[in-house]
Amino acid sequence: MKTNHPYDSFRQHVSPALQVKLDEIQFYGYGNVKEDEFWSFLTKKKWKKPKEDVKLFEIIEDIMAVKAGEYINYSTVEALRGSDLSISEEDLKSLFK
């Protein structure tokens with residue numbers, strides 16, 4: 001069951017800032033990042049411990065402060081966590097023939 005993040009209520013209001021940041025990431029050659037993926041990064045990594053009385057400008061500051069490499073590192077680790085890197089015994093034997 002997916003739980004909502006306390007900052008989800010700000011998402012629609014900060015959509016322009018999200019788009020600017022996504023455009024910046026694409027400008028630096030990191031490909032096309034989806035808004036949902038970037039929001040997931042923010043809620044899971046950047047805002048792991050949300051403030052109770054956060055203001056809209058603080059959310060926007062956090063979004064604009066994200067460096068492209070910071071997001072790419074996170075997404076790479078998440079992709080590796082989700083992949084099955086196990087090698088069967090048969091595949092291992094064929095590698096060493």
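**Close-up views of a five-helix chain**

**Figure 1. The whole chain.** Read along the sequence, this predicted model follows the pattern α-α-α-α-α. It has five helices and zero strands. Helices (H or I, at least four residues) and strands (E, at least two) are DSSP runs, numbered from the N terminus. Of the 97 residues, 26% count as buried, meaning under 20% relative accessible area (exposed is over 50%, partly exposed in between; 1.4 Å probe, protein chains only). Among contacts with a separation of 6 or more, 72% join residues 24 or more positions apart. Contact means heavy atoms within 4.5 Å. Residues are numbered from 1 along each chain as its sequence is written, and side-chain values use heavy atoms, with hydrogens and water left out. In this predicted model, local features need pLDDT of at least 70 and side-chain atom pairs count only at pLDDT 80 or more, while totals for chains, interfaces and linings use all residues.

**Figure 2. Helix H1 against helix H2.** The axes of H1 (residues 15-27) and H2 (residues 35-46) come within 11 Å and cross at roughly 100°. H1 is therefore roughly perpendicular to H2. That term covers 65 to 115 degrees; under 35 counts as roughly parallel, over 145 as roughly antiparallel, and the rest as oblique. Axes are lines fitted to C-alpha atoms, for helices over the stretch in contact, with angles from 0 to 180 degrees between N-to-C directions. H1 brings Ser15, Leu18, Lys21, Leu22 and Ile25 to the contact, and H2 brings Glu35, Phe38, Trp39 and Leu42. By class, this contact has six nonpolar, one polar and two charged residues. Ala, Val, Leu, Ile, Met, Phe, Trp, Tyr, Cys and Pro count as nonpolar, Asp, Glu, Lys and Arg as charged, and the others, Gly among them, as polar.

**Figure 3. Pro16 in helix H1.** Pro16 lies in H1. Pro16 counts as exposed because its relative accessibility is 53%. The C-alpha atoms of Pro16 and Ile60 are separated by 9.5 Å, with their positions 44 residues apart along the chain.

**Figure 4. The second largest pocket.** Its volume is about 180 Å³. Phe41, Lys44, Lys45, Lys48, Glu70, Asn73, Tyr74, Val77, Glu78 and Arg81 line this pocket. H2 and H4 (68-82) each supply at least two lining residues. The largest share, six residues, comes from H4. The lining divides into three nonpolar, one polar and six charged residues. A pocket is an open set of points on a 1 Å grid over the protein atoms alone, where a 1.4 Å probe fits, with protein on both sides within 12 Å along at least five of seven lines; lining residues have an atom within 4 Å of a point. Grid points are joined across faces, edges and corners, and a volume is the space filled by probe spheres set on the points.
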